[in-house]
Amino acid sequence: MFAGQGHTCRSLLPETITVPVGWSVVTWLLAGFTVFYAVCGVATAALDLPPAGTPVTIWFLLLAVGVLFGSLLALIGTIVLLIMWNRRTQQLADRFGFDAGLVVKGWVVRAFVLTLIVAMCLESAGSQWTVGVWAMTGVRVAAGLLLLGNVVVGRHRVLALIADANRQVSEARG
């Protein structure tokens with residue numbers, strides 16, 4: 001007769017907690033895009049340093065455009081997935097009453113952004129020196145590894161949190 005009478009049909013015993021599929025997908029996509037970002041950085045450096053006297057062919061230009069497009073895609077994908085992963089991980093940690101700051105490290109995100117800025121500054125300097133190109137590549141790879149490490153550690157902590165919650169559920173069941 002009246003909607004919302006407060007009836008909830010659920011078991012008295014808590015259910016086993018599973019890892020959300022969406023969070024797992026975003027985690028693995030972010031890890032993949034982070035590796036792709038680092039690989040594109042190395043490929044960009046390899047293309048920036050052609051051997052002296054090498055003729056520029058249409059294939060080299062097509063490869064350069066492909067690597068440039070891949071680098072842009074990797075950068076945008078990594079940033080978008082990082083935002084999604086941070087948000088979902090914080091929600092997941094909050095859901096279990098865990099401090100999200102222990103899972104998602106804010107300093108890693110800041111360091112990643114700082115390495116992006118440093119890489120852009122090195123690239124905009126237009127230096128064709130071997131040291132400058134490889135320094136930029138090193139910064140990109142370091143940013144990718146830093147972010148990948150954050151994702152792996154964050155994933156491990158969330159899985160440990162879920163395992164602990166499941167242990168408490170099984171103890172409650174007796």
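Before I start, one definition: a residue counts as buried under 20% relative accessible area, as exposed over 50%, and as partly exposed in between. What I am showing is a predicted model, and my topic today is its salt bridges.

The structure holds two of them. Let me take each in turn.

One salt bridge joins the side chains of aspartate 164 and arginine 167, with an N to O distance of 2.5 Å. Both residues sit in helix H5, which covers residues 130-173. They are three residues apart there, about one turn of the helix.

How accessible is aspartate 164? Its relative accessibility is 29%, so aspartate 164 counts as partly exposed. Arginine 167 has a relative accessible area of 39%, so arginine 167 is partly exposed as well.

The other salt bridge is between the side chains of arginine 167 and glutamate 171, at 2.9 Å from N to O. Which helix are we in now? Arginine 167 and glutamate 171 belong to helix H5. Because they are four residues apart in that helix, about one helical turn separates them.

Is glutamate 171 buried or exposed? Glutamate 171 has a relative accessible area of 54%, which is over the 50% cut-off, so this residue is exposed.

Now to put the pieces together. Arginine 167 takes part in the bridge to aspartate 164 and also in the bridge to glutamate 171. Asp164, Arg167 and Glu171 are therefore linked in a network of salt bridges.

Note on methods
Residues are numbered from 1 along each chain as its sequence is written. This is a predicted model: local features need pLDDT of at least 70, side-chain atom pairs count only at pLDDT 80 or more; totals for chains, interfaces and linings use all residues. Side-chain values use heavy atoms; hydrogens and water are left out. A salt bridge is a side-chain nitrogen of Lys or Arg within 4 Å of a carboxyl oxygen of Asp or Glu. Helices (H or I, at least four residues) and strands (E, at least two) are DSSP runs, numbered from the N terminus. Buried means under 20% relative accessible area, exposed over 50%, partly exposed in between (1.4 Å probe, protein chains only).
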